[in-house]
Structures are given as C-alpha cells and as structure tokens.
Amino acid sequence: MPLDDATTRFLEQMSEAGGDALEPAMRYDAVVVGAGFAGMYMLHRLRGLGLTVRGFETGDGVGGTWYWNRYPGARCDVESMQYSYSFDEELQQEWEWSERYPSQPEILLYANHVADRFDLRRDIRFETRVTRAAYDESANLWRVETDRGDHVSATYLITAVGCLSAARIPDFPGAGSFRGPSHHTGRWPHEGVNFTGRRVAVIGTGSSGIQAIPVIAERAEHVTVFQRTANYSLPAWNRPMDPAYAQWVKANYAELRAGMRTSPAGVMGTSNTTSALEATEEERLREFETRWAKGGVSFLGAYGDTAIDPAANEISAEFVRGKIREIVTDPRVAELLAPKDHPIGTKRICIDTGYYATYNRPNVTLVDVRTAPIEEITPTGVRTADAEYPADMIVYATGYDAMTGPLLGIDITGKGGLSLRRKWAAGPRTYLGLMTAGFPNLFTITGPGSPSVLSNMMVSIEQHVEWIADCVERLRAGGIATIDADPAAEDAWVEHVNEVAGHTLYPRADSWYLGANIPGKPRVFMPYVGGVGAYRQKCDQVAADGYAGFVLSA
Ligand code: NA7
C-alpha cells in the first residue's frame, strides 16, 4: 500500500528534523505512552534492561485512571491488598493500605510513592500528549510526535494508554448553553467541586455514577439522577483495613499472588463451579446471602453457570432485584432501579456504598430516561421528552470510548502507510491483545483481545509488561530487528476471542465491552473472556515456542 501524502510528509519532516542523525537526546530505544500503572512499570522494567526510554503523559502527574478520576466517592472495586504491584517485595511489604477498598486519593498516593521509589519521573515528559506515531520502515524506527512539538524516534513503541481514558460526553443538543459548571467524572477538577446549596443533575448510572451519587447527595441541595439503564450493584461493605488481615496477606503474598495470576479474574477468592440450577432454593439463598454479606464481586462466583446459562443467571439477578426492593422504600423507584434488560454481570458489575439507600433521601429524584430520553440541555437544566429538570450543575458520569478510544486517539501508521484507524474500522484486531499485524515493534499493554477490563488490571498489567520486557530482551539478545503479528495468527485469535465471548451471556448486554455505548462504533466484544490464568498460559507458551504466531525479522 502506498504511503498517504500526510504520512509521507510526516516521515520526511522527521527525517529533516534529523532522521537517523537525530540528536541522541531524541532517539530512544523505547517510547512508552502513558504514565499510569502500566506505563510506570513498563518504564521501570525497560530501564532495568539498559534501554533508553522516553515516557509521555498527558496529565501533570503519574497515576493514569487514578489521576483523572477524582470524582467524589471514586474507589477501586478490587480490594486494596490485591490492587497493587507484586514485582517488588519491599514495595509490597512497606505500603500500608488504610481501607478494604482503596479510595482514589490513596491509590494516587501509592502511584506517586512508586514513582518516587523507582525515580521514574525523570524519564517522563508530563503535560504532553502523543498525537501521532508512524513506523518508518527504512530506518526501522517509530517516529513519534506530541502536541508540544516533540519529535522523537524509538525502536519500540509501547502504548500504556489505559482502557477507560477517552472520556465521553454524549452529544446533547444545547450542552454548551448550560449556565452552570459541568464536569465529566473522568476529568474531574483537581481543586474539587463544592455541591453545597446546589441542585445537581447526574447523567449516567454506571460504576462512576453509582459511586458518586451517594456522596453528592449528602452535600447537595438536590440531586436528579438521569438513568437510562438500571445497573446491578453489589455492596462493598468498605471498612478500615484490619491490620491482622493485612499482615496475613503480606506474610503470604508469594502464594496468594501466584494464585491470583492463575485465577479467572486475577483476584483472590473462591468461585463455585456447581450449577445454580442444581442447588435447592434454600442452598442458593444461603450462598447468595453469605456472598452478599461478604461484599464485592465475589457474589458473581456463587455458581459456575451464572455467566453462561440464562436461567442460572436469572436466579442471581432476581436475588439482587429482591435486595433493591428491600432497600428502596418507594416501590416505583425500586422497580426503576431493578435491572431487567440484561443478565447480571454482562455489563460491568458495580460495587457501591449506600447506592440504593440514597434513593430514600428526600433530596434525590430518579428520572427514567429510557422511556423519556434527554432531548436537550437548556441554560438552566436538563429537558427530557416529558419534563424539564432545573439544575445548577451537571455531572456527566457517561463513560468512555472504551479500549480502542485511547489507541485510536493517536494517529498511528504502520507498515506501508497502514493506518490503525483504518485497520480497526470494523473493530479491533490483535494477536493476544499485545500486537496488531502490520505495526512492527508496537506493543499495546492491556490491548483489546486481552483479559484487561475483565480482570484485576494490576495483574493483567504486570503480565503484559513482563511479557513485553522479556520479548524485547530476547529480540535484542538475538539480533532480531522487528517483531510483528502474523496476520493468520491474528485472524485466529480474533476468531477465538469472539468464539469464547459467544459462549457466554456477555453479548446480550449493550455494554461498553461491545462498544455499544458509542453511536456508530462497531459491535465487537473487545476483552478476552477466557480468563487471566488460561490467557497467561497461552502467552507464555507462545514465547516458549519462539514467539509462535509472530514474524521475527533480522
Ligand atoms: P459506564 O459504565 O459506561 O456508564 C455510563 C453511564 O452513562 C451509563 O449508565 C450509560 O447508560 C449512561 N449514558 C451514556 N450515554 C447516555 C445518554 N446519551 N443518555 C443517558 N445516559 C447515558 O461508565 P462509568 O464511568 O460509570 O464506568 C466506567 C468503568 O470505570 C466501569 O465499568 C469500571 O470499570 C470503572 P447506558 O448503560 O449506556 O444505557
């Protein structure tokens, strides 16, 4: 394929700017895009191999998701003791988490502690967004450009851009006319937001809305929640960290982490393999109540067929609906909050603190925008098909262009001028979620086609970073100039990812896993459902077989 004019010009400009003769300061072994947990560890690991690395980060600090998501109530839904790096023994022993589930401020402190401890910031250029990257075949280099005018080159380009970082506000007519402040949960002001005396409109009831609404309701004069899809939410029962538990985990980290790495979702805990349909009603009730009382995602592990059998799933779903009806005093509101249009677990399960009970407060109103959609944002509020709701402030908890959004936000061009946006126009295509054919030496940490968002991200990030670092080390040791995915292996992997998802109930929900939240986005199931353990085994086997399914060139 001939290079398009823009790419040719870009590569020429890069050559004029120095090309192979670029000043050493602009030539790196690797460029890492993003300084969240993936980017930080990748940088650390590659530096450890003796590579020169340049990191770029849009924010003015490290932390990625946890840098941006500063909305009230923001908290990880993986337990603290499991949501941390395992690669450094001293690090995992010295850090003290204060609560069962870590809050955003505490995770950000942890990210900064890691950056200090491993002196990462000196190689990261902050407040700088990578806008373009083109593979220069003649030099076997990635030419990278930023919004600050940087032009750098690197042998390896590694994206650590996160799966949920391209924040999205729907295109509501009149949004620009609103007189008060509006904030997306994923772009929250660093100085915080004062809700006192304000009437706040919250649009969206995914994880972010469900975490933010109870906290906003405690402070605001009134909260109007605009719900399109009711979501299943499980109680976190968050509490201060039990020091004895933390000590026990730390003493047994080696074994526990090993278990997490081979588990389905990268977390501790036991999932039953038995069928919900074979249990008696009494047994099921006992199991569900125990797991509900324990809190968190473990509820979904009550039975082995919840994710695959509609009848089994319905039993779990109905238990949660029953809980909602118990908690919410107004039966009409309870019915609106009880999800009925998708199986439980097929949209990202939410973990909350007092979410449903918030609707018992006199200052909270639930508006169903499934039956009467939002038609317009007016200067003074939100107008739906059947009423106008006054507001002084709008909180958009409307989600992200997930998984592909952050990657396609960069204009990436591979071999022969192949544009990633064009290649993925009908949906992402990768081999193992690690590479995409035609883009040599470009690695995508937690890319589409890997377990990523269906797992404890920390576990998946570490697995990818370590796999990529080992690969780079072996390429360099073997004098191999490029690695690229073999198109046939990629096709087979894409088919496998789809096939596995097709055996589950996941495709039954209009979720961001499928891109269904973005009008016009191809409906393709993006994460790999096969489980963290099986996936790791596959990746390790591929490496052990001399990178089977990849094309290596001297
Ligand atoms: P989500 O889970 O994508 O939630 C977005 C919410 O916004 C969801 O309730 C959407 O309803 C709603 N939404 C989106 N567009 C509209 C329009 N046009 N009108 C009304 N409502 C709308 O994003 P979150 O930030 O909550 O969570 C993202 C992930 O972060 C989460 O899964 C965790 O992994 C952490 P819909 O369901 O599409 O009908």
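Q: Why is Cys539 called buried in this predicted model?
A: The relative accessible area of Cys539 is 0%. Buried means under 20%, so Cys539 meets the criterion and counts as buried.

Q: Why does Cys539 form no bond with the closest cysteine sulfur?
A: That sulfur belongs to Cys471 and lies 11 Å from the sulfur of Cys539. A disulfide requires two cysteine sulfur atoms within 2.5 Å, and therefore the pair is too far apart for a bond.

Q: How many disulfides does the structure hold, and how does Cys163 fit that count?
A: The structure holds 0 disulfides. For Cys163, the nearest cysteine sulfur is that of Cys76, 13 Å away, and Cys163 is in no disulfide.

Q: What makes Cys163 count as buried?
A: Its relative accessibility is 4%. Because the cut-off for buried is under 20%, Cys163 is assigned to that class.

Q: What makes the approach of Thr229 to the ligand a polar contact?
A: A polar side-chain atom of Thr229 lies 2.4 Å from an oxygen atom of the ligand. The limit for a pair of N or O atoms is 3.5 Å, so the Thr229 pair qualifies.

Q: How do you know that Arg348 and Trp512 also make polar contacts with the ligand?
A: For Arg348, a polar side-chain atom is 3.3 Å from a ligand oxygen atom. For Trp512, an N or O atom of the side chain is 3.4 Å from an oxygen atom of the ligand. Both values are within 3.5 Å, so both pairs are polar contacts. The ligand taken alone exposes 770 Å², of which the protein buries 87%.

Q: Which residues come nearest to the ligand, and what is the make-up of the shell?
A: Among the 20 residues around the ligand, Thr205, Ser208, Arg228, Thr229 and Lys347 come nearest. The shell comprises 7 nonpolar, 8 polar and 5 charged residues.

Q: What is known of the largest cavity and its lining?
A: The largest cavity holds about 90 Å³ of space. Its lining divides into 8 nonpolar, 3 polar and 1 charged, and includes Trp493, Phe525 and Arg429.

Technical notes. Residues are numbered from 1 along each chain as its sequence is written. This is a predicted model: local features need pLDDT of at least 70, side-chain atom pairs count only at pLDDT 80 or more; totals for chains, interfaces and linings use all residues. Side-chain values use heavy atoms; hydrogens and water are left out. A residue is near a molecule or strand if one of its heavy atoms lies within 4 Å of it. A polar contact is a pair of N or O atoms within 3.5 Å; within protein, one must be able to donate a hydrogen and the other to accept it, and residues adjacent in sequence count only if both atoms are side-chain atoms. Accessible areas come from the Shrake-Rupley method with a 1.4 Å probe; for residues, only the protein chains shown count as cover. Ala, Val, Leu, Ile, Met, Phe, Trp, Tyr, Cys and Pro count as nonpolar, Asp, Glu, Lys and Arg as charged, and the others, Gly among them, as polar. On a 1 Å grid over the protein atoms alone, a cavity is a set of points where a 1.4 Å probe fits but cannot get out, and a pocket is an open set with protein on both sides within 12 Å along at least five of seven lines; lining residues have an atom within 4 Å of a point. Grid points are joined across faces, edges and corners, and a volume is the space filled by probe spheres set on the points. Buried means under 20% relative accessible area, exposed over 50%, partly exposed in between (1.4 Å probe, protein chains only).
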